[in-house]
Amino acid sequence: MSSTPSTPQPSSLDPAIAARLKRSTDGLVPAIAQQYDTGEVLMLGWMDDEALHRTLTTGRCTYWSRSRREYWVKGDTSGHVQHVKSVALDCDADTVLVKVDQVGAACHTGDRTCFDADVLLG
């Protein structure tokens, strides 16, 4: 089962940005959400070209759900919105860092961050 739609989705992502992205075999890049003012790492989601385009143009984080096979905008159902402050590519252009102003919990469990419940080394 593919984790992206069976037919390529048209995207309005700037071709210059699209050309730089190094995607996984399923067309996705990991997107790390970080609180813009504290540096707190909040969550990791997945974006394809269209999700990145929507994130860049709407000011709200849009992700691709690998399990539901659909786009989702953080906060549309929970109210826990991510207001985009900046977006950057890492040095290899295979990961996106989205600095956000997080309203409420970032994790689907209701925790502030997805990385505070299972610390392996502290």
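Which residue, with a positive phi, follows H2? It's Gly59, and its phi is near 80 degrees. Keep in mind that this is a predicted model. The views below start with this helix and then move outward.

**View 1. The two ends of helix H2.** Helix H2 covers residues 49-58. At its N-terminal end sits Asp48, which acts as a cap. Look for a side-chain oxygen of Asp48 that lies 3.2 Å from the backbone nitrogen of Glu50. Past the other end of the helix comes Gly59, the residue with the positive phi.

**View 2. What helix H2 tucks away.** Quite a few residues here are hidden: Asp49, Glu50, Ala51, Leu52, His53 and Thr55 are the buried residues of H2. What lies over them? The cover includes helix H1 (15-20), along with strands S2, S3, S4, S5 (82-89) and S6.

**View 3. Thr55 up close.** Is Thr55, a residue of H2, buried or exposed? Its relative accessible area is 0%, so Thr55 counts as buried. The side chain of Thr55 reaches back to the backbone oxygen of Ala51, at 2.9 Å. Helices make this sort of pairing easy to picture: an α-helix has 3.6 residues a turn, so residues three or four places apart point the same way. Leaving aside neighbours within four places in sequence, Thr55 is in contact with Met47, Arg60, Cys61, Thr62, Val84, Val87 and Val98.

**View 4. Met47 and the largest nonpolar core.** This core has 20 residues, and the ones touching the most other members are Leu42, Met47, Leu52, Tyr63, Val96 and Val98. Strand S1 (29-35), S2, H2, S3 and strand S6 (96-102) each give two or more residues to the core. Now zoom in on Met47. Not counting residues up to four places away in sequence, Met47 touches Gly27, Leu28, Val29, Ala31, Leu52, Thr55, Thr62, Tyr63 and Val98. Yes, that's Thr55 from the previous view showing up again.

**View 5. The largest pocket.** Here's an open space with a volume of about 560 Å³. Among its 23 lining residues, those closest to the centre are Met43, Arg68, Trp72, Lys74 and His108. Strands S2 (41-47), S3 (62-65) and S4 (70-73) each supply at least two residues of the lining. Which of the elements gives the most? That would be S2, with 4 residues. As for the chemistry of the lining, it's a mix: 11 nonpolar, 8 polar and 4 charged residues.

Technical notes: Residues numbered from 1 in each chain as written. Predicted model: local features only at pLDDT ≥ 70, side-chain atom pairs only at ≥ 80, totals over all residues. Heavy atoms only, no water. 1 Å grid on protein atoms, 1.4 Å probe; cavity = no way out; pocket = protein on both sides within 12 Å on 5 of 7 lines; lining within 4 Å. Points joined across faces, edges and corners; volume = space filled by probe spheres on them. Nonpolar A, V, L, I, M, F, W, Y, C, P; charged D, E, K, R; others polar. Buried < 20%, exposed > 50% of the residue type's maximum accessible area, 1.4 Å probe, protein only. Polar contact = N/O pair within 3.5 Å; in protein donor to acceptor, adjacent residues only side chain to side chain. Contact = heavy atoms within 4.5 Å. Core = buried A, V, L, I, M, F, W, Y, C linked by side-chain atoms within 4.5 Å.
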